[in-house]
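Reader: Hi! I am a first-year student, and I would like a close look at the largest pocket of this protein. Could you walk me through its lining and then the parts around the chain?

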Amino acid sequence: TGKIPTYAEAVINVVGQKKDTAFKKKGKALGFLWMNLGTVVFHDVPNLYLLYLSNTYDAEVLPAGLDVLKNKISISPDTEDKDFLFDEFIKLKTKEGLYSTVPNAIQYGKISNGMKSFTCTVKLPSKLVPGTYQVRVIAMRNSKIIANSVQNLKVKEEGLPNLVAFLAINYSTLYGILATVIAIIAGLIMGVVFKGGKGGH
């Protein structure tokens, strides 16, 4: 939530940590064998990129969005078709829920003293990894940035996932023993539940 001038529009951009990401390039060898033909590396790509818009803005005319991101990253080797690979990369990240553009996501409220309030609900994907993310609120007018504010959002695991990660990293032997015990117990329970079924496995 926040306030912007009445003549402006709000855009919210949530961006993750930038890193190099490598992918295996598949293709046909000898005209019929599908196999790895090399490695393609995307440089300085964020692991999360979410864009939230009001109902009056088109993402294609913004100085923030996937087209802008495309111009900021590089792909090696340089001989690769950047347009094709970037489009495939976006499809993959969109399917994973890590990249998205959400229209009609910002609602405006009361106007007071030349300012209007706005509200937006940001939904973080389940595949989000712990780390520090940037939440950027941009005030736009005629497709130009007139003001912006950036705050950090720290994401960390809590509860059982945090305990499991802590044990795996700091007490690997104990973690291994507990994992084995849990697997045995789970197997015994499944055996009791499905007792009388057709054969054992």
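Author: Happy to help; we begin with the pocket and then move on to other features. This is a predicted model, in which local features need pLDDT of at least 70 and side-chain atom pairs count only at pLDDT 80 or more, while totals for chains, interfaces and linings use all residues. Residues are numbered from 1 along each chain as its sequence is written, and side-chain values use heavy atoms, with hydrogens and water left out.

The largest pocket holds about 250 Å³ of space. Here a pocket is an open set of points on a 1 Å grid over the protein atoms alone, where a 1.4 Å probe fits and protein lies on both sides within 12 Å along at least five of seven lines; a lining residue has an atom within 4 Å of a point. The volume is the space filled by probe spheres set on the points, which are joined across faces, edges and corners. Of the 13 lining residues, T1, I12, V122, V135 and V137 are the closest to the centre.

Now for the strands (DSSP runs of E, at least two residues; helices are runs of H or I, at least four, and both are numbered from the N terminus). At least two lining residues come from each of β2 (9–15), β9 (115–120), β10 (131–141) and β11 (144–155). The most come from β11, which gives four. By class, nine lining residues are nonpolar, four are polar and none is charged. In this scheme Ala, Val, Leu, Ile, Met, Phe, Trp, Tyr, Cys and Pro are nonpolar, Asp, Glu, Lys and Arg are charged, and the others, Gly among them, are polar.

Let us follow β9 a little further. Strand β8 (residues 106–112) runs antiparallel to β9, joined by five bridges; two strands pair if DSSP finds at least two bridges between them. One of the bridge partners is T119 in β9, which matches Q107. Two residues lie between the strands of this hairpin, where N113 takes a positive phi near 55°, although N113 is not a glycine. N104, in the loop between β7 (99–102) and β8, is also not a glycine and has a positive phi of about 55°.

Two more spots deserve a look. The peptide bond from S76 to P77 is cis, with omega near 5°, and P77 sits in the loop between β6 (74–76) and α2. K70 and D83 form a salt bridge at 2.6 Å, N to O; the term stands for a side-chain nitrogen of Lys or Arg within 4 Å of a carboxyl oxygen of Asp or Glu. This pair links distant parts of the chain, 13 residues apart, with K70 in helix α1 (residues 66–72) and D83 in helix α2 (residues 82–95).
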